[in-house]
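Colleague: I'd like to learn how to read a model like this one. Could you walk me through it, starting with the parts I should be careful about?

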Amino acid sequence: MDAAEKISVEDEAVDKKIFKDCSKIAFYRRQKQRLSKKSTYRALLDSVTEGKESTRFQIINEAAKVPLLAEVYGIEGNIFRLKINEETPLKPRYEVPDVLTSKPSTVRLISCSGDTGSLVLANGKGDLKCHITANPFKIDLVSEEEVVMSINSLGQLYFEQLQIPPKQRATKENEEDTSDDTTQENQEELGLWEEKFRNFVDVKDNGPASIGLDFSLHGFEHVYGIPQHAESHQLKNTSDGDAYRLYNLDVYGYKIHDKMGIYGSVPYLLAHKLGRTLGVFWLNASETLVEINTEPAVKYALTQMGPVAAKEKGRSQTDVHWMSESGIIDVFLLTGPTPSDVFKQYSYLTGTQAMPPLFSLGYHQCRWNYKDEHDVKAVDAGFDEHDIPYDVMWLDIEHTEGKRYFTWDKKRFPNPKRMQELLRSKKRKLVVISDPHIKIDPDYLVYAKAKEQGFFVRNHEGGDFEGVCWPGLSSYLDFTSPKVREWYSSLFAFSVYQGSTDILYIWNDMNEPSVFRGPELTMQKNAIHHGNWEHRELHNIYGFYQQMATAEGLIQRSKGKERPFVLTRSFFAGSQKYGAVWTGDNTAEWSYLKISIPMLLTLSVTGISFCGADVGGFIGNPEAELLVRWYQAGAYQPFFRGHATKNTKRREPWLFGEEHTRLIQEAIRERYALLPYWYSLFYSAHVASQPVMRPLWVEFPDELETFSVEDEYMLGSALLVHPVTEPKATVVDVFLPGSSEVWYDSKTFAHWEGACTVKIPVALDTIPVFQRGGSVVPIKTTIGRSTGCMTDSPYGLWVALSTKGSAVGEFYLDDGHSFQYLHQKQFLHRKFSFASGVLINSCADKRGHYPSKCVVEQILVLGLKKHPSSVTSHSPDGKAQPVAFTYCAKTSTLNLEKFSLNIGADWKVQIQ
Amino acid sequence: MLLVLLLLPMCWAVEVKRPRGVSLTNHHFYDESKPFTCLDGSASVPFDQVNDDYCDCKDGSDEPGTAACPNGSFHCTNTGYKPLYISSRWVNDGVCDCCDGTDEYNSGIVCENTCKEKGRKERETLQQMAEVTREGFRLKKILIEDWKRAREEKQKKLTELQAGKKSLEDQVELLRTLKEEAEKPEKEAKDQHRKLWEEQLAASKAQREQELATSAFQELDDDMDGAVSVAELQTHPELDTDGDGALSEGEAQTLLGGDTQTDAASFSDRIWAAIRDKYRSEVLPTDLPSPSAPALTEPKEEQPLGPSQPAEEEDEEEEETEEEEGGEEGEDEDSQETPPPAGPPQTVSPTEEDKMPPYDEQTQAFINAAQEARNKFEEAERSLKDVEESIRNLEQEISFDFGPNGEFAYLYSQCYELTTNEYVYRLCPFKLVSQKPKLGGSPTSLGTWGSWAGPDHDKFSAMKYEQGTGCWQGPNRSTTVRLLCGKETVVTSTTEPSRCEYLMELMTPAACPEPPPEPPASGNRDEL
């Protein structure tokens, strides 16, 4: 690779000129221009037909010569789906496949037409209705007589019907006047058949095909979602030309507080207000822009009118305007009403978080690059020498022979299996990188095979697409093809992937896809995929498919037995089914540590629970304090990996002096102590769709003060985490929500009543974590060097009592790596409940069986006001035994010691 | 428990009964007849709570053989190899940490006892190392002796040089005086010569101008009335002053100083100077030398890539002589170079007489004498500088910190290379480290000598080279050279553990410590 190229990707600050803003996006300009002319659609309600699954009718506007077909579906779980497409397009328009887990079960909607000019479709119970108004066309979503959402009430429905290209049209010129936009100048401006950006020309064989629609969310001021942006959790109002962009791009050192598109896209937005949460899932994989405008309910302070009238006028509202370059309008309305319901509705459509193998919740050590086997061995030994737990060693692109994935650099890694055996002996794992670009080299087997079978994305002219990436000139596997995915999956078989073993897992990077000399560092939109679809139709889902194929490959190599682990940089709605996501090339600055929290919260509420940010910051060199704070924050974020780019100083945890080494060690150990809780949370995400990392509003949906909080969050429902993200902090303001709640400092056991902000003094070793009264958190009392070394180590329980003196919590356990929990029900799901002085360990799911020899050896009860006189344990066989305990009156803490009851057995402990 | 029993026969007779994970030295703290007091004294517990898999002591000392305490240590005897303390959290975690396998007695995995094998290997390595150390140390002693001697010699030489330096200094001073004396008459003679020539030059220039004026006057005086009139002047439109391409009556009159005509004398006195630059002779249209640029640049552009015209070249040489600052005059004539690359074009004097005539015999003799004095002086000055340089080098070398006994001195002024796949690394101790691509290309500096860089107690175990070539978006390259005991002096490895921070290993006898006295026979130590 030449120097110029390197510079183009390694330049510290992102060069924003490389990337488009809205003004450079032709379909945005077209929609803006057309919409200003305002030509409204009306529904032809006499055309209504009721099919088996959907209700169909035509909609039309004066400009459109042909009507559009709208379909409304009722879907199980209080979901509506609206599709709008051309009735008979010139050729089929792209409808995103493979994202919905299965064909969603439809429920029959009962149509009860209201007055003329309207149609009402109700669900079975009749509490949810779609009220369709004919002219102008509008749909109101009505829940229990309250209009919660209106569609097209602003008349921004926009649909460019496919046309015959002007060249062909010229032959039958006389037919009719090509009504609009044919002047040369207009063509430039509107980019109908050709769009220029920098020195790139996008030739569009299909011409303009963009779509758009508006949604008014009544009474909502808080909207979230549509990752990925380096932005606040709560979505901001967009101004002209500054819409949230969803277009997967490789943005090295992306700017923060910016709405430009970065590595992945989930076109799914959530809205929340007191009493209701809604979701709008816009299933479209082409470039998409989202405009948001919130009118808060403050107007009545300014009006002269009486309070009643003022209130009417002052009702808050958020308008969300979606625009996509191509495809059809296919939108799911998730009606909630609670956050938890919305999460379930969304995962019903796109799938839940894959159950990660336990090791992947440990700490990951990565660097571009660990140079050779010797380096790997030394770093691995460094962790033991400093007694820091870790689970996974990572190898970046340099481990390969000239960036040919699935190969090893023979000089640096002459014996990869021996290296993996070393890691295996400590029950650790290895992750190596595998990117979608394949070096053009006829002697490279992967290339030769893919070339021979036509497995690459093709260019506009029909040859294999060629672009520059790490290996130099490369072609890109077309993962949108099932055949290509199947073949790619087969490359992970142990017999095919030389030097791989069953402790090797995979990392998919650069899969936006990143193309160094392409427009906006990605693929030309008119590249051609399987089924002759243009890249523009499916750009945002390319990375999704690679991770899908990789995960499938890892499952297949174990004959379906083992759970995969695949990290991906690019993603789409539903990527949670295949593994983990990280926030890409961040920078070693405090502001990036801070923004990691809202970025991960946003991913979490859009289904992607297994997410993280590079600890320490990928680019640049963090000072010791920042690194420590980042480890502390990362220890409480789902995917926990230290990573650094090539030209940074080495930063293994022990390179910053003894004191900092100890602090990092402490942070990582806290992570390992909490692994039982983490694992249980992931199980809940997996089976019950609840995010692992939760914004406060999710846990406290009735408390307005929580709706904008993004410097702290809930881990599950039990722990509130407020990472320190400021340099030289001596105190942090922690908001403890819930007027009926009580919160306990997880280290000092000090407690506070909820609904207040407390000033917590912090030293460099403080990670402000608070346990919510009423919860039980399972922990490991002994920390080993990796999760695998802790299988048999004992458990502890942190029981934090609510104001009513009770607590509940769950615990999940399985073998940590296989699918037996699923196929053979080999798992343990326990429930701990504390009430009236009795702690009961009972079965939470009788279907599961998993023998564990682990014991609970310590129980800590926080908030016990009264000094107990005696504590007795009652084992399953009915035997009662006194338990030794210590009680601290000052902190109201009871510590039960010398305890040895099996974690999987029914028992109770009585405190008197 | 069974496992332990099986292991017992392999143990040595000296094996004393002690709780699991306790070392022999600590064994007396664990007396089963008494309650156990934590080693930090923090608590006392009944002895049956030792190794009962529950942590009672803050320091973890009641659970040396289980993983119950987060901060305990487990002792492996490792008979046949070295005893080892491991974190007690690693007990029964499924990873074999002790070579005797005693840390995994209840985790379901069976650890092979590899102590014997490890011990054997270790002994071999130690033996080899001991052999190397002995030999290396022997060489080191020689090196020390060598340096002692060399140092003395150098000291002696230094004294000699310092003495020689004094007399050289005197000589330089003497020659300087002689030189200055010889330069005085030289300067006078040369100045005189130049002055004469310049006067001559001025005179001939004035005469030439006069001639030009006269001939111009004659040309202009069309009616030969001995006066140039306005009308006559107007026949030369090139004299136009307002840029309209024609010489109007008014303009002409202005040129004639307001008069309507002028006679030859006042023409050449007053008017000629004002019009000479524009004036085009009717006979030889371009003959007049022009002071303006175009004449010089235009032909250059038009010139085909043919042989250059020697005449022009001469002109330009000429011009340089005039341009040259008047500084050193002596050898100027010889040092003239071919065409000057830049500089504003000057009025070029085409005539031969512009060249300064050769010096007369007398002047030349002065010059020769002065030159000789100068040469002698410079030569003496050079040798003084050489001597000073040698003195400096010697002083530096003698005072250099070459280790406690100067054992590293022999590395001074040596260089050692290591060739890897891509690069040739070069270490010139106490000077620099560099890296050169194997397939050609210029070397990159990985640092120049900084200081000894070993830890305080072992300062001479490492060297630091700093301020090498800067890294792109990074620090300046630097290298740490670790010195290892070896029989030969050789660079054994170069790595880049952190970006642009290199680590080199140099084997040298000078790094060999004094070996312990020869061990009596063999097999004296239990643990190995």
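Modeller: Sure, and keep in mind that this is a predicted model. Start with residues 286-350 of chain B, where pLDDT stays under 50 and the model has 36 contacts beyond four places in sequence.

Colleague: How should I read a stretch like that?

Modeller: Where pLDDT is low, the predicted coordinates should not be read in detail. That goes for residues 1-13 of chain B too: pLDDT is under 50 throughout, with seven contacts beyond four places in sequence.

Colleague: What does chain B average in pLDDT?

Modeller: The average for chain B is 80, and 81% of its residues score at least 70. Chain A averages 93, with 95% of the residues at 70 or above.

Colleague: Which residues of chain A stay under 50?

Modeller: Residues 1-12 of chain A do, and the model gives them 22 contacts beyond four places in sequence. Residues 305-312 of chain A also stay under 50, with four such contacts.

Colleague: Now the complex. What ipTM and pTM does the predictor give?

Modeller: An ipTM of 0.76 and a pTM of 0.80.

Colleague: And how many residues does each chain bring to the contact?

Modeller: Chain B brings 24 residues and chain A brings 27. Together the two chains bury about 2100 Å², and 43% of that is on carbon and sulfur atoms.

Colleague: I always look for charge pairs. How many salt bridges are there between chain B and chain A?

Modeller: Seven salt bridges. One to look up is B:Asp97 with A:Arg785, whose closest N and O atoms are 2.4 Å apart. For polar contacts, the rule finds nine residue pairs across the interface, both partners at pLDDT 80 or more.

Colleague: Which element of chain B gives the largest share of the side that touches chain A?

Modeller: Strand S13 of chain B, residues 490-498, with three residues. By class, that side of chain B has seven nonpolar, seven polar and 10 charged residues.

Colleague: Let's turn to backbone details. What should I expect in general?

Modeller: Most residues other than glycine have a negative phi, and most peptide bonds are trans. Now for some departures from that.

Colleague: Where is there a cis peptide bond?

Modeller: One joins A:Gly336 and A:Pro337, with omega about 10°. A:Pro337 sits in the loop between strand S21 (329-334) and helix H6 (339-350) of chain A. Another cis bond runs from A:Trp368 to A:Asn369, where omega is near 15°. You'll find A:Asn369 in the loop between strand S22 (363-365) and helix H7 (373-385) of chain A.

Colleague: And what about phi at B:Asn51?

Modeller: B:Asn51 is not a glycine, yet its phi is positive, about 55°. Look for B:Asn51 in the loop between strands S2 (44-45) and S3 (73-76) of chain B.

Colleague: Last one: how do strands S51 and S52 of chain A run, parallel or antiparallel?

Modeller: Antiparallel: four bridges join S51 (residues 885-888) to S52 (residues 893-896). To trace the pairing, go from A:Thr886 to its bridge partner in S52(A), A:Asn895. The two strands make a hairpin with four residues between them, and A:Ser892 in the turn has a positive phi of about 55°.

Methods
Residues numbered from 1 in each chain as written. Chains lettered and ligands numbered in written order. Predicted model: local features only at pLDDT ≥ 70, side-chain atom pairs only at ≥ 80, totals over all residues. Heavy atoms only, no water. pLDDT = per-residue confidence, 0-100. Contact = heavy atoms within 4.5 Å. Buried area = accessible area lost by both parts, 1.4 Å probe. Salt bridge = Lys/Arg side-chain N within 4 Å of Asp/Glu carboxyl O. Polar contact = N/O pair within 3.5 Å; in protein donor to acceptor, adjacent residues only side chain to side chain. Nonpolar A, V, L, I, M, F, W, Y, C, P; charged D, E, K, R; others polar. Pairing = 2+ DSSP bridges.
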